[in-house]
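Here's a quick walk through one model, written as a short report. Have a look at the fold and the ligand site before reading on.

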Amino acid sequence: MQLFSIFGNPVSHSRSPLMHNSVFTNLHYNACYTRTLLEDGTKLKEIFFALGLSGANVTVPHKEAAFNACDEVRGFAKTVGVVNTLINENNRLIGYNTDADGFMYAIEEFTNVQNILILGAGGTAKALATRFKQDDLDVTILNRSKEILPYFDELGCITSTWDTFTLNKFDLVVNATSAGLKDENLPAPQEIIESILNATNYVADAIYGKLTPFLQLAKEKNIIYKDGADMLLGQGVLANELFVNASLEKEAIKREMQKSFLL
Ligand code: NDP
């Protein structure tokens with residue numbers, strides 16, 4: 001039996017074991033997925049091999065440590081320097097990033113999206129902005145503080161803080177801040193958020209498992225929205241494909257993984 005795990009701190013809340021075990025069990029793939037609390041990110045590689053893992057996911061705060069732990073990093077993970085999926089390939093640790101493509105997968109049904117506003121400038125915003133720019137999309141970043149904005153300037157994004165923001169018409173607005181995760185905060189002052197929502201077609205939030213105040217406002221304004229569950233599903237489907245080395249159908253993986261969201 002193959003063994004997989006998720007590394008994080010905290011990790012007890014993670015839905016990944018449910019998602020991946022639902023696929024393994026229902027599609028009769030001989031594997032089991034556990035969770036591992038990792039306090040020291042520099043120990044990731046050692047613990048991965050000591051546990052005899054075939055693969056793993058990595059969550060907050062170890063995604064950059066995972067990048068550094070890899071013998072080889074492939075695809076988009078190389079561009080952003082952030083790894084969320086690890087594969088044991090002949091005892092070499094190979095790193096991938098399925099977060100950003102998972103988000104693209106999640107918003108496939110949103111049509112004519114060219115001009116995107118990202119609220120936030122942390123790790124998720126960085127991955128999404130980099131991925132959007134690969135598709136030549138127009139990206140604006142609005143963040144509470146200005147220290148991390150130069151990364152986005154170099155990427156070719158329009159950047160601003162709450163004080164310098166000027167309103168534009170956006171096709172999609174993404175909340176990539178943690179505002180609303182453990183509190184009832186909006187990702188920016190209410191008057192800014194209201195004006196943004198009045199000029200957008202679609203809204204997405206990276207946070208899942210609750211209707212954030214941001215999504216609540218979008219809902220009240222009858223804007224088409226989705227929470228972070230589809231992003232979570234998207235990255236999970238792509239990670240599972242890597243785990244099973246493409247031996248299962250992507251649509252079947254998605255179907256079985258989706259069922260775990262009802263548990
Ligand atoms: P980071 O800690 O890297 O970045 C947090 C960002 O949120 C920063 O831009 C920070 O601004 C901003 N922020 C925090 N609190 C507030 C606030 N009260 N008001 C306005 N801005 C605020 O986090 P991540 O990028 O890793 O994660 C962001 C969110 O995305 C989290 O809620 C996480 O749970 C979610 N997520 C969901 C995933 C999914 O699969 N659905 C996958 C990954 C993440 P500042 O720079 O000023 O501090």
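How far does a polar side-chain atom of serine 145 lie from an oxygen atom of the ligand? The answer is 2.7 Å. Keep in mind that this is a predicted model.

**Around the ligand**

Serine 145 has company there: 24 residues surround the ligand, and those that come nearest are Ala121, Thr124, Asn143, Ser145 and Ala206. Three contacts to ligand oxygen atoms are set out here.

| Residue | Atom in the residue | Distance to a ligand oxygen atom |
|---|---|---|
| Glycine 123 | backbone N or O | 3.0 Å |
| Asparagine 143 | side-chain N or O | 2.8 Å |
| Serine 145 | polar side-chain atom | 2.7 Å |

**The sheet and its helices**

Now for the sheet. It's an open one with six strands, ordered β2-β1-β3-β5-β6-β4, and the pairing is mixed. At the edges you'll find β2 (31-37) and β4 (72-73); each has a single partner strand, so one side of each is left without a neighbour in the sheet.

Further in, β1 (residues 2-8) and β3 (residues 55-58) run parallel and are joined by four bridges. Take phenylalanine 4: its bridge partner in β3 is glycine 55. Helix α10 (residues 229-243) packs on the sheet as well, touching β1, β2, β3, β5 (85-89) and β6 (92-96), and its direction makes about 5 degrees with that of β5.

Helix α1 (residues 16-26) lies across β1, β2 and β3, and runs at about 170 degrees to β2. Valine 23 sits in α1, and with a relative accessible area of 0% this valine is buried. What does valine 23 touch, leaving aside neighbours within four places in sequence? Its contacts are His28, Asn240, Leu248, Ile253, Glu256 and Met257. Lysine 63, by comparison, is 40 residues from valine 23 in sequence, with 24 Å between their C-alpha atoms.

**An enclosed helix**

Why is helix α5 (residues 99-106) described as largely enclosed by the rest of the structure? It's because seven of its eight residues are buried. Those buried positions are Asp99, Ala100, Gly102, Phe103, Met104, Tyr105 and Ala106.

**Cysteines**

Last, the sulfur side of things. The structure holds zero disulfides. Cysteine 32 has 28% relative accessibility and so counts as partly exposed, whereas cysteine 157, at 8%, counts as buried.

Terms used
Residues numbered from 1 in each chain as written. Predicted model: local features only at pLDDT ≥ 70, side-chain atom pairs only at ≥ 80, totals over all residues. Heavy atoms only, no water. Pairing = 2+ DSSP bridges. Helix = DSSP H or I, 4+ residues; strand = E, 2+ residues; numbered from the N terminus. Contact = heavy atoms within 4.5 Å. Axes fitted to C-alpha atoms, helices over the stretch in contact; angles between N-to-C directions. Disulfide = S-S within 2.5 Å. Buried < 20%, exposed > 50% of the residue type's maximum accessible area, 1.4 Å probe, protein only. Near = heavy atom within 4 Å. Polar contact = N/O pair within 3.5 Å; in protein donor to acceptor, adjacent residues only side chain to side chain.
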